[in-house]
Amino acid sequence: MDVTLLLLALFSTVGLVFTYLAVTERDLVRAIIYSAVQSSAYAVLLYLLRAPDIVLVYIPVSVGLYPAALLFLVGKTEKVDGE
Amino acid sequence: MRRVIVAVSIAASVALLAYTTTVAGALGYLGLETRTLARMFLALTYNPDLRELTAMSPEAVTAIVWDFRGVDTLYETVVFYMAIIAALAIYRGVSRVSGGGGVGLSLIVRVVTKLLIPMNIAIAVSIAVHGHLTPGGGFQAGATLAVISVLLAVVYSVNSFSRVGVDISKAVALRSAGLIAIAIVVFTPLIYSALTGAQAYLMQSYVKVDSGFYFPVDVFGQLISGTLIWLNTAEFLAVSFGFFIVFMLLSLREEIVKQSLLGEGRGS
């Protein structure tokens with residue numbers, strides 16, 4: 001079996017699991033970290049799908065800037081959802 | 001019970017999506033055939049034999065983004081420009097980025113970050129100026145450089161912006177410089193056309209069938225791909241300092257923002 005396909009399956013499963021964790025987690029800071037892990041898995045997927053241009057913009061935006069923007073916003077509200 | 005339903009529905013959606021995109025061929029059989037459009041771009045992206053059609057850049061994505069569909073990218077840049085203007089309008093009157101007595105994170109984190117920042121700058125510049133040769137380009141490089149603004153705010157506290165000499169007005173000036181540079185590159189063919197009477201098109205990078213105008217394609221034997229290197233570098237400035245502005249504003253303490261907004265309301 002093709003190694004690329006195996007890696008695609010592995011990293012998309014990791015992405016799926018962390019998406020689920022991010023959606024269900026009530027502690028917002030943890031949810032943001034889960035979301036960043038999911039983005040890292042997606043970055044690998046994009047690289048495996050031969051889209052290095054997208055990887056280069058996806059990593060700084062989805063792992064750096066986007067969680068940072070969310071953390072700044074969470075810092076201005078409550079840390080736990082629904083209270 | 002609820003968890004079981006969630007797990008089953010997720011598994012079913014994944015299986016369905018995997019089936020439609022692979023076996024059922026909803027996206028075409030991936031990797032087995034190259035579509036005509038893709039073949040056309042691959043043949044034209046760097047092809048000195050077809051001078052009227054090529055973009056003269058071996059990096060097909062940048063060639064598409066800034067040449068084949070350059071006007072699209074121009075409008076994307078305008079959208080980003082408007083978004084930053086909106087942020088600046090909301091935070092109007094806030095000119096100094098400082099506040100709180102924060103000193104940032106521990107010494108270990110600060111030292112590691114100090115080592116990372118020069119690497120980050122080097123990689124960002126390299127992504128920008130090699131954008132026409134290797135994967136990357138202005139937006140990618142700008143996003144990479146913008147990570148520094150987050151590192152400064154989180155690791156060294158908000159006060160570090162003024163310590164390293166970056167403030168909002170400087171960031172706005174640098175971003176505007178990038179946008180003006182893009183405008184100059186875009187309008188140069190039209191100015192050339194107005195001055196000489198020769199045919200030239202907006203955003204033209206290389207010779208066309210009825211126009212001999214072109215930007216230099218190489219300098220001392222190094223490929224610079226016409227307008228692509230200039231547009232990438234200018235976009236790099238515009239995007240990175242656009243993000244810098246947003247993160248400087250976001251990292252401000254609410255009390256300080258409210259103070260300056262209320263100050264405006266009182267007419268002072």
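**Helix α2 of chain A, the A–B interface and the nonpolar core**

The buried residues of α2(A) are A:Y34, A:S35, A:Q38, A:S39 and A:Y42. Viewed along the axis of α2(A), these buried residues stay within an arc of 150°, so they line one face of the helix. The cover over them includes α1 and α3 of chain A. These positions come from a predicted model, not from an experiment.

The length of α2(A) was then checked. The helix covers residues 28-48, a run of 21 residues. At 1.5 Å a residue it should span 30 Å, and the end C-alpha atoms lie 30 Å apart, so the two values agree. Just after α2(A), the backbone at A:R50 adopts a positive phi of about 60°.

Chain A as a whole is helical in its regular elements. It holds three helices and zero strands. From the N terminus on, their order is α-α-α. The C-alpha trace of chain A spans about 50 × 25 × 10 Å along its principal axes. Of the 83 residues in chain A, 19% are buried. Among contacts in chain A with a separation of 6 or more, 57% join residues 24 or more positions apart.

Chain A also meets chain B. In this contact, 14 residues of chain A face 19 residues of chain B. On the chain A side, the elements giving two or more residues are α1 (3-24) and α3 (52-75). The largest share, 11 residues, comes from α3(A). By class, the side of chain A that touches chain B has 11 nonpolar, one polar and two charged residues.

Helix α3 of chain A appears again in the largest nonpolar core. This core has 50 residues. B:A146, B:F244, B:I245 and B:F247 touch the most other members. Two or more residues come from α3 of chain A and, in chain B, from each of α3 (60-68), α5 (107-129), α6 (138-155), α8 (168-196) and α9 (228-250). The largest share, 16 residues, belongs to α9(B). In soluble globular proteins, nonpolar side chains tend to be buried together.

One member of this core, B:F247, was examined in detail. Neighbours within four places in sequence were left aside. B:F247 is then in contact with B:A146, B:S149, B:V150 and B:A153 of chain B. Its contacts also include A:A68, from chain A. B:A146 is itself among the core residues that touch the most other members.

Note on methods
Residues numbered from 1 in each chain as written. Chains lettered and ligands numbered in written order. Predicted model: local features only at pLDDT ≥ 70, side-chain atom pairs only at ≥ 80, totals over all residues. Contact = placed C-beta atoms within 7 Å. Helix = DSSP H or I, 4+ residues; strand = E, 2+ residues; numbered from the N terminus. Nonpolar A, V, L, I, M, F, W, Y, C, P; charged D, E, K, R; others polar. Buried ≥ 20, exposed ≤ 12 C-beta atoms within 10 Å, placed from the backbone. Expected span 1.5 Å × (residues − 1). Arc of directions from axis to C-beta. Core = buried A, V, L, I, M, F, W, Y, C linked by C-beta atoms within 7 Å.
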